[in-house]
Amino acid sequence: MSNAFGVFFHIFAVFLQIEIFLKRCMILPTDFFLSDLQIFFPSIIIRSMKAIITVVGGDRVGIIARVSAFLSEHSINIDDITQTILSGNFVMMMMVDLSKSDLSIDNTRKALTEEGKAMGVEVNMMAEKVFTEMHRI
């Protein structure tokens with residue numbers, strides 16, 4: 001893993017923990033996603049077929065297997081993956097390619113969110129362009 005990617009991974013993990021905290025405190029609606037930043041930054045036009053998937057929650061057997069199986073079922077390729085235990089939480093970040101997927105990015109995000117709920121973890125997905133623009137600010 002490159003050092004720059006590692007730094008972005010940890011920064012993004014912190015953003016996700018903040019997002020989860022704000023949702024639990026009911027400051028953010030539960031259907032808000034960091035990828036909704038496109039609403040606030042309309043110059044971000046999502047053209048890329050790449051996306052960032054993050055998974056945060058209690059560590060347990062099978063999280064990577066289950067997410068990977070879902071992606072495989074929908075012809076979504078994993079370009080890069082990293083995972084760690086951060087402050088007692090399982091944290092995983094994937095760069096995926098949706099160019100051959102049978103689902104739209106929004107439907108994939110919704111389905112992964114439901115899959116995450118079933119596993120007891122928080123799964124988020126954001127277009128690579130949004131992720132890149134968010135870290136450029």
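Visitor: Welcome me in with strand β1: how many of its eight residues are buried?

Guide: Glad to have you here, and please keep in mind that this is a predicted model. Strand β1 is largely enclosed by the rest of the structure. The count of buried residues in β1, out of eight, is seven.

Visitor: Which elements make up the protein chain, read from the N terminus on?

Guide: The secondary structure comes to five helices and four strands. Helices and strands are interleaved along the chain, as the order shows. From the N terminus on, the elements run α-α-β-α-β-β-α-β-α.

Visitor: In what order do the four strands stand in the sheet?

Guide: The four strands form an open sheet, and their pairing is antiparallel. The edges are held by β2 (77-86) and β4 (121-127), each of which pairs on one side only. From one strand to the next, the twist averages 15°. Read across the sheet, the order is β2-β3-β1-β4.

Visitor: Which residue of β3 is the bridge partner of Ile52?

Guide: Let us look at the pair of strands β1 (residues 50-57) and β3 (residues 89-97). They pair in the antiparallel sense over eight bridges. In β3, the partner of Ile52 is Met95.

Visitor: And which residue of β4 stands opposite Ile53?

Guide: Strand β1 is also joined to β4, by seven bridges, and the two run antiparallel. One of the facing pairs is Gly57 with Val121 of β4. Opposite Ile53, in β4, stands Met125.

Visitor: How many of the seven residues of β4 are buried?

Guide: β4 is one of the edge strands, pairing on one side only. Even so, β4 is mostly covered. The number of its residues that are buried is six.

Visitor: Which strands does helix α3 touch where it packs on the sheet?

Guide: Two helices to look for on the sheet are α3 and α4. The direction of α3 makes about 20° with that of β3, while the direction of α4 makes about 165° with that of β4. Helix α4 touches β1 and β4. Helix α3 touches β1, β2, β3 and β4.

Visitor: Is α3 roughly parallel or roughly antiparallel to α4?

Guide: Helix α3 (residues 63-73) and helix α4 (residues 105-119) pack with their axes 11 Å apart, at an angle of about 155°. Angles over 145 degrees count as roughly antiparallel. The angle therefore makes α3, relative to α4, roughly antiparallel.

Visitor: What is the handedness of the crossing, and how many nonpolar residues are in the contact of α3 with α4?

Guide: The crossing of α3 and α4 is right-handed. On the α3 side, the contact is made by Ile63, Arg66, Val67, Phe70 and Leu71, and on the α4 side by Thr108, Ala111, Leu112, Glu115, Ala118 and Met119. By class, one residue is polar and two are charged. The number of nonpolar residues is eight.

Visitor: Is Thr108 buried or exposed, and what is its relative accessible area?

Guide: You will find Thr108 in helix α4. Leaving aside neighbours within four places in sequence, Thr108 is in contact with Phe70, Ile76, Leu98, Ser101, Leu103 and Met125. Thr108 is buried, and its relative accessible area is 0%.

Visitor: How far apart in space are Thr108 and Leu71, C-alpha to C-alpha?

Guide: Both residues belong to the contact between α3 and α4. In sequence, Thr108 and Leu71 are 37 residues apart. In space, C-alpha to C-alpha, the distance is 8.9 Å.

Visitor: Which loop holds Ser75, and what is the value of its phi?

Guide: Ser75 is found in the loop between α3 and β2. Ser75 is partly exposed, with a relative accessible area of 42%. Its phi is positive in a residue other than glycine, with a value near 55°.

Visitor: Is Ser87 buried or exposed, and what is its relative accessible area?

Guide: Look in the loop between β2 and β3 for Ser87. Phi of Ser87 is also positive in a residue other than glycine, near 50°. A residue counts as exposed over 50% relative accessible area. Ser87 is therefore exposed, at 68%.

Visitor: To finish, what share of the 137 residues in the protein chain is buried?

Guide: Consider contacts in the chain between residues at least 6 apart in sequence: 70% of them join residues at least 24 apart. As for burial, the share of the 137 residues is 41%.

Methods
Residues numbered from 1 in each chain as written. Predicted model: local features only at pLDDT ≥ 70, side-chain atom pairs only at ≥ 80, totals over all residues. Heavy atoms only, no water. Axes fitted to C-alpha atoms, helices over the stretch in contact; angles between N-to-C directions. Parallel < 35°, antiparallel > 145°, perpendicular 65-115°, else oblique. Left-handed = near helix turned anticlockwise from the far one by under 90°. Contact = heavy atoms within 4.5 Å. Nonpolar A, V, L, I, M, F, W, Y, C, P; charged D, E, K, R; others polar. Pairing = 2+ DSSP bridges. Buried < 20%, exposed > 50% of the residue type's maximum accessible area, 1.4 Å probe, protein only.
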